[in-house]
Amino acid sequence: MRRSASFTESFRELGLLVFIVIICAIFQIRNHNFLTLENIDDLLTNTAILSIMSVGMMMVILTRGIDLSVGSTVAIAGMVSALTVQFFRGISPVVSVLESVAVGTVVGILNGLLVARFNVLPIIATLGTMNVIRGLTYVISGGAWVSSYQMSSGFKGIATGELLGVSNPIIMAVVINVAFFYFINHMRTGRQIYAVGSNPEAADISGIPRRRIIWLVYTLMGALSGLGGVIWVAKFASAQSDTATGFELSVIAATVLGGVSIAGGSGKVSGLILGTILLGILNNALPLINVSPFWQQAIQGVVILAAVLTNVLVKRNNQRFALRRRAI
Amino acid sequence: MRKFLIRAAVIVAIMAIALPVALFASGGKEQGGGAAGGTAKYAIVFKNTGNPYGDRQMGGFKAGIEEQGFQAILRAPDQPTAEAQIQILEQLISQKVAAICIVGNDKDALQPVLTKAMSQGIKVFSLDSGVNPQSRMVHVNQADSEKIGTTLIQAAYDMSGGSGDIAILSATSQATNQNLWIDFMKKTLAQPKYANLHLVKIAYGDDIRDKSVSEAEGLLQSFPNLKVIIAPTTVGIAAAGKVLTDKGLGGKVFLTGLGLPSEMATYIENGVCPYMFLWNPIDVGYLGAYTATALVSGKITGKVGEKFTAGRLGEKVITQAPDGGTEILLGPPFKFDKNNIEDWKKVY
Amino acid sequence: MVERSIRVERLWSWRTFFLQWEWLLVLIFIAVNIVNSTLSPYYFTADTFLQTPMTFLDMSFLVLPMTMVIILGNIDISVGSTVALSAVVMAVAYNAGLPMVLSIVLCLLVASACGLVNGLLMTRFKELSSVIVTLATMIIYRGIAYVILQDQAAGKFPKWYSALGWGSVGKVPIILIVFAICAVVFGLLLHKTSFGRKIYGMGSNLTASRYSGVNTDSIIMIVSVLTGLMAGFTALFLSSRMGSTRPNVAQGYELSVIAMVVLGGVSTSGGKGRIAGPLLAIFIIGFLNYGLGLVNVQAQVLLIIVGLLLILSVLVLNVRFGGRYKRSVPGTAKKLAAQEHSSETTP
Amino acid sequence: MADRILELTHITKTFPGVKALNDVHFDLKHGEIHALIGENGAGKSTLIKVITGVYQPDSGQILFEGTPVEIHSTADSQRLGIAAIYQHVTCYPDLSVTENIFIGHEKIQPFTRKIDWRDLHERAGQLLAQLDADFDPRALMGNLSVAQQQIVEIAKALSANARIIIMDEPTAPLTARESEDLYKTTESLRDKGVSIIFISHRMEDMYRLASRVTVFRDARYVGTWNLNEAKREDLIMAMVGREITQFFPKRKVAIGEEVFRVEGLSRTGFFKDVSFSVRKGEILAMTGLIGAGRTEVCEAIYGVTHPDKGHVILEGQELHIGNPAQAIEKGIGYLPEDRLRQGLVLEWELSKNVTLPTLRKFATLGWLHPRKENAVTKELAEKLEVRAGSVFDLAATLSGGNQQKIIVAKLLAGTMKVIILDEPTKGVDVGAKTAIFNIMNDLAEMGYGIIMVSSEMPEVLGMSDRIVVMRDGRVATILETATASQEQILRAAMPETVHA
């Protein structure tokens with residue numbers, strides 16, 4: 001029992017890892033500049049936002065939910081913080097970050113309200129907020145952009161600054177992932193997120209505050225999207241109202257690819273990180289090798305499907321395994 | 001049940017509120033729409049909303065129309081798709097506008113709706129990013145495509161010191177004007193003078209921020225001794241500027257192309273991009289405005305050789321366009337560098 | 001136990017009749033039209049109601065099958081990509097010299113094939129939620145479209161083809177006629193045939209339907225293929241209206257379509273809703289866009305309005321059906337237990 | 001009364017339209033195993049939920065060790081040391097055994113707020129050891145067998161050092177061997193001084209474990225007996241409310257030639273070469289302990305699952321049934337065990353429910369004829385004496401018995417040759433039971449071959465012509481009812497070890 005259990009858990013991460021190694025090898029063969037420190041730095045920096053937000057998405061999906069509004073949240077949070085910087089150049093980047101996170105949190109709370117309080121199905125609730133938030137972004141920005149020169153260097157430093165030669169986004173992503181790992185694996189609330197997703201009714205019976213947990217995850221998702229927003233805007237030194245359109249799907253894809261089950265309750269941080277990295281490589285490294293850009297999507301889709309299907313097949317195999325062991 | 005009725009009432013109420021809110025919110029943009037039916041209405045449809053370049057262009061158009069005492073309608077879909085533009089054009093047709101000035105998201109996809117407009121006596125012409133000759137009377141070209149090609153190559157030549165690898169970072173590979181310019185660049189490179197410039201790759205950033213950045217980084221990784229990046233698209237050039245700045249490659253790899261002063265100010269000031277070019281979108285729109293009125297008044301019909309006076313821009317003449325149609329040329333691209341960027345970055 | 005007779009005729013009351021969601025939609029529809037016509041003098045012209053639908057109906061073909069999909073308790077977000085792929089294949093085939101008629105057939109075939117693949121994946125891998133399956137195929141289908149057309153545009157269709165999306169029979173646009181026919185067909189399928197009955201059964205209680213001999217797999221397959229087919233229709237009219245096609249057409253259609261279906265009062269937890277709702281929703285949103293477009297309202301303001309409409313409608317529905325029997329919806333253990341009891345204990 | 005740890009008096013609880021508990025009493029002594037029996041819907045589960053604080057009673061009093069208490073939440077009941085092990089095990093399949101045991105009250109390190117896993121795993125290991133379970137506390141709950149999961153639930157109760165443990169039908173999903181292990185565990189708990197409320201349908205459980213038994217019927221309190229004084233018949237009578245004998249109106253019908261047989265049917269992990277046959281007009285009872293694989297066999301025949309080996313033969317020709325649709329086509333009808341999940345579309349009208357399996361008969365080229373549906377529904381419903389006002393009533397609004405009749409109607413609407421009834425009388429009231437038995441007789445007379453799965457001995461002996469007894473997924477024996485005795489059946493059903 002124990003062996004098979006641990007076996008199945010580790011299997012997917014292993015598979016992902018192998019897969020990553022293989023494509024890295026291929027890329028390296030096709031372009032020798034792929035595995036240079038500098039390029040890896042680029043790659044990780046570009047993946048940082050995705051990684052940060054997929055953490056939030058993992059929590060949401062663990063509770064059997066989904067959040068389509070994250071792309072719009074990135075846009076509005078980024079836009080608000082950028083506008084503030086434009087008018088008060090002086091303010092410290094820390095404030096901008098906090099501001100952006102705050103905006104994101106508000107959106108998150110709103111989603112949480114709809115899902116946890118009014119029992120609106122997550123996909124619908126967030127589909128609605130997605131539109132509303134996107135529209136609001138246009139309205140508050142009046143359609144204008146905030147350009148590089150209107151941003152203080154401190155603000156842009158949020159994304160471009162470095163610590164010990166590692167760029168801030170990477171550091172933030174790492175910190176958040178570590179913190180998340182600790183939270184989800186070693187703290188009561190974290191485990192209760194799993195519990196709620198794994199068996200909602202049991203959660204009610206054993207006195208877990210299900211609604212509050214659900215509300216919490218959407219709020220956190222919003223906050224992380226807010227953080228993603230400010231990094232995004234600082235990174236590209238330009239705030240637009242159509243920022244990160246369709247980004248929600250990348251985030252969801254990364255999470256699912258990382259083996260977080262849409263049915264809720266199961267998924268591991270290690271898998272999440274690998275999934276994010278894999279998607280990051282697919283997104284950012286394909287320009288390097290001379291794969292025509294038009295193949296990129298097709299490749300992505302196939303990889304995602306393959307990952308999901310292996311997951312199912314492994315599970316089935318394991319069940320058959322368990323049945324054989326059963327005494328008749 | 002009663003609860004339900006209440007909610008129902010709430011919804012209808014919200015509808016009633018939402019609509020005025022909508023109108024209020026849009027009050028700034030829409031130019032009195034149906035309100036004053038009297039004066040003739042001239043419409044411009046840009047690629048998508050939330051694009052300052054477009055705002056300037058539409059601004060210029062508005063100015064041009066209003067100084068002639070007419071009414072301007074400024075429209076743009078929220079996504080840069082032809083589908084959305086078709087819907088808007090339909091709405092303009094039902095509003096019986098006098099002329100439509102279209103900045104196309106797709107060369108061919110708008111042909112049906114535009115021909116429909118023309119069949120109803122609406123004067124149709126394209127601006128900046130053109131549509132095919134069958135679906136327009138004339139095209140207002142912001143700058144001579146050939147001139148853009150040669151100028152950019154010349155710029156690369158000067159920056160690189162006459163030899164080395166150069167790459168092009170374009171928008172999407174189906175963007176008509178982009179491809180036209182790239183063709184002229186290639187032609188120019190064929191001349192013996194530029195024999196030592198090697199065009200190593202044409203990358204497509206699809207005018208999407210993150211994609212353009214990845215593509216720019218890809219170029220730098222794949223071609224270590226790259227000398228110049230030419231980005232004839234505002235999004236692409238800004239992305240490339242950002243990448244070069246962050247990597248501290250200013251002075252090693254040079255950047256030029258077509259960009260918005262506001263977006264590029266930083267990179268021109270820090271020397272990553274010694275200089276770049278663009279026409280003045282306000283003038284483009286302004287010229288569009290006078291073309292529209294000229295077409296409506298019948299002063300011009302879109303035939304080669306016709307002349308008309310375009311307000312402060314003086315006299316303009318219709319010439320043969322490379323794509324077989326006719327066009328009106330604004331003039332040579334304008335050069336932005338350290339000396340003038342300071343004044344322009346605030347304008348657009 | 002005394003022998004007593006069981007009624008077979010429905011008790012009909014005005015109250016229950018008018019408390020149906022569709023009536024609320026009718027109200028909204030009227031409200032929209034009033035607002036529109038007060039806003040713009042051009043709105044209430046003779047042919048508005050006949051001609052306007054031309055501008056938004058092409059996408060609406062997807063609403064019909066999506067209604068079925070959602071009543072089944074599934075969801076399909078690959079429709080937009082299916083439209084793109086089939087449209088691209090058609091255009092390429094035509095430009096390669098295939099006669100237009102055959103190209104059209106090919107388009108419909110490709111679209112149906114896409115649906116078939118979704119169906120196969122969903123029935124062979126029941127553990128997977130339809131969201132995941134269609135998320136993957138969504139990316140793949142559009143990916144293939146890009147591979148085929150390499151981001152170029154293809155088209156230059158014959159004259160008669162553009163009549164499909166632009167022509168009218170008398171005053172009635174062809175597209176409106178075709179849509180009306182499709183709508184009727186789907187309405188009858190859903191409400192008058194055993195096929196529709198089974199769809200509702202599966203949406204309400206999949207297990208029971210299975211035990212009652214509903215061939216769940218084949219139903220899912222048929223619905224998926226129908227979805228594909230309708231995506232094909234959308235592809236036809238869209239490319240006819242655009243005179244050419246590109247791999248990036250119909251981007252984000254899936255979400256707009258789902259929004260319409262939900263606004264139409266179809267519950268995403270399955271088993272509830274009627275075709276009439278989504279149909280009304282199509283015209284509400286369509287005319288709203290058109291009317292506000294006439295007074296040149298910014299596009300993004302429409303986003304907000306539609307979003308609000310969506311959220312509010314779902315809120316109302318949740319109050320209306322208070323989440324009864326919706327096991328998929330978070331409902332408290334108490335509610336479930338109470339329900340168990342209501343059907344367990346003796347009267 | 002100091003010897004009572006828990007005492008409930010005059011408890012009443014109503015749900016919209018239903019009285020789930022009607023002025024009931026219950027009391028529990030220190031360190032006793034007290035059985036609570038009654039048919040489904042008699043109110044057992046509701047009482048448990050009242051004790052554990054999931055529900056609050058509308059009226060009545062709860063005394064804990066003689067002092068009145070109010071239990072508003074599961075947290076409250078936990079504080080009192082009350083733990084429940086529910087009928088459908090309420091575990092978290094995606095979490096580890098340790099977590100399932102300690103969730104909610106994990107040990108937290110003061111400053112880091114970190115859960116101390118090492119300590120928890122250790123304690124979990126110890127608890128499991130006490131219950132001499134052999135599996136690893138780090139294993140995923142989802143990978144354990146139901147029996148092991150119940151051990152975990154018990155460990156969970158112990159971890160909260162519970163003084164009262166409530167077991168709601170714990171043996172239902174277990175095989176005989178697993179049940180036996182559970183008995184042992186339960187006894188050891190009692191010896192540790194834990195008081196146990198043991199809810200079960202099964203006489204075996206009760207006589208094996210309990211010292212006292214309380215009987216509920218139709219949400220009412222019937223009485224409490226000491227088991228050494230109470231005779232099985234008395235208890236059954238208390239449960240169902242009448243002399244048993246009078247409601248097995250088995251009629252003699254002419255039994256024809258064989259209509260249906262299965263040979264060597266096997267499915268890995270569920271049952272192994274099962275063979276039996278049914279004749280026209282015959283009622284074949286299929287019994288055995290729950291978990292012996294009876295339902296699994298039926299579902300395999302009906303095409304819900306697919307057997308690995310074996311033959312299904314109807315009227316001489318072999319069938320290969322891929323799904324229920326085909327089974328119905330061939331004339332095999334099945335009345336599933338779980339009425340609510342498998343039998344009915346609760347939010348549907350009766351007529352729709354009745355015609356669902358045989359829609360083809362009510363449609364030409366797929367086009368439905370509602371009038372015909374309603375007519376047939378009315379006819380069947382009246383024949384089966386369904387208590388309903390109209391064919392448009394929602395299935396959810398009917399009582400258990402009437403719902404069961406509707407499901408029978410679903411079978412009758414079609415043309416069946418063999419009908420499988422899985423626990424047809426489970427949780428239906430007495431009147432309905434008799435009605436259903438009469439229906440079975442009618443069906444037999446019409447020449448159907450009938451397979452009746454049942455755990456209720458009296459029912460098996462009372463209604464069948466022959467009895468297939470299953471044990472641990474195999475056919476233990478096939479008996480002629482005329483000569484069969486209860487002891488014979490039990491001996492066949494139970495592993496020898498039990499009765500030795």
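**Chain B and its contact with chain A**

Among the contacts in chain B that join residues at least 6 apart in sequence, 71% link residues at least 24 apart. The model is a predicted one, and in it chain B contains eleven helices and 14 strands. Of the 348 residues in chain B, 59% are buried, a residue being counted as buried when 20 or more other C-beta atoms lie within 10 Å of its own.

Chain B is divided into two domains, of which domain 1 is made up of two stretches, 39-142 and 281-331, while domain 2 covers 145-278. The centres of these two domains of chain B, taken over C-alpha atoms, are separated by 29 Å. Where the domains of chain B meet, six residues of domain 1 are in contact with seven residues of domain 2. On the domain 1 side of this contact in chain B, the residues comprise three that are nonpolar, two that are polar and one that is charged.

The second stretch of domain 1 in chain B, 281-331, includes strands β11 (residues 307-309) and β12 (residues 315-320), which run antiparallel and are joined by three bridges. Within this pairing, B:Thr309 has B:Glu315 of β12(B) as its bridge partner. The hairpin formed by β11(B) and β12(B) has five residues between the strands, and B:Gly311 in this hairpin adopts a positive phi near 45°.

On the C-terminal side, β12(B) is also joined by three bridges to strand β13 (residues 326-329) of chain B, again in an antiparallel arrangement. Here B:Gln320 is paired with B:Thr326, its bridge partner in β13(B). The hairpin of β12(B) and β13(B) likewise has five residues between the strands, and in this case B:Gly324 takes a positive phi, near 100°. Strand β12(B) is thus bridged to β11(B) and to β13(B), with a glycine of positive phi in the hairpin that β12(B) forms with β11(B) and another in the hairpin that β12(B) forms with β13(B).

Between the chains, the contact draws 25 residues from chain A and 25 residues from chain B. On the side of chain A that touches chain B, helices α2 (37-62) and α5 (122-141) of chain A each supply at least two residues. By class, this side of chain A consists of ten nonpolar, 13 polar and two charged residues.

Conventions:
Residues numbered from 1 in each chain as written. Chains lettered and ligands numbered in written order. Predicted model: local features only at pLDDT ≥ 70, side-chain atom pairs only at ≥ 80, totals over all residues. Pairing = 2+ DSSP bridges. Helix = DSSP H or I, 4+ residues; strand = E, 2+ residues; numbered from the N terminus. Domains from an automatic or database assignment. Contact = placed C-beta atoms within 7 Å. Nonpolar A, V, L, I, M, F, W, Y, C, P; charged D, E, K, R; others polar. Buried ≥ 20, exposed ≤ 12 C-beta atoms within 10 Å, placed from the backbone.
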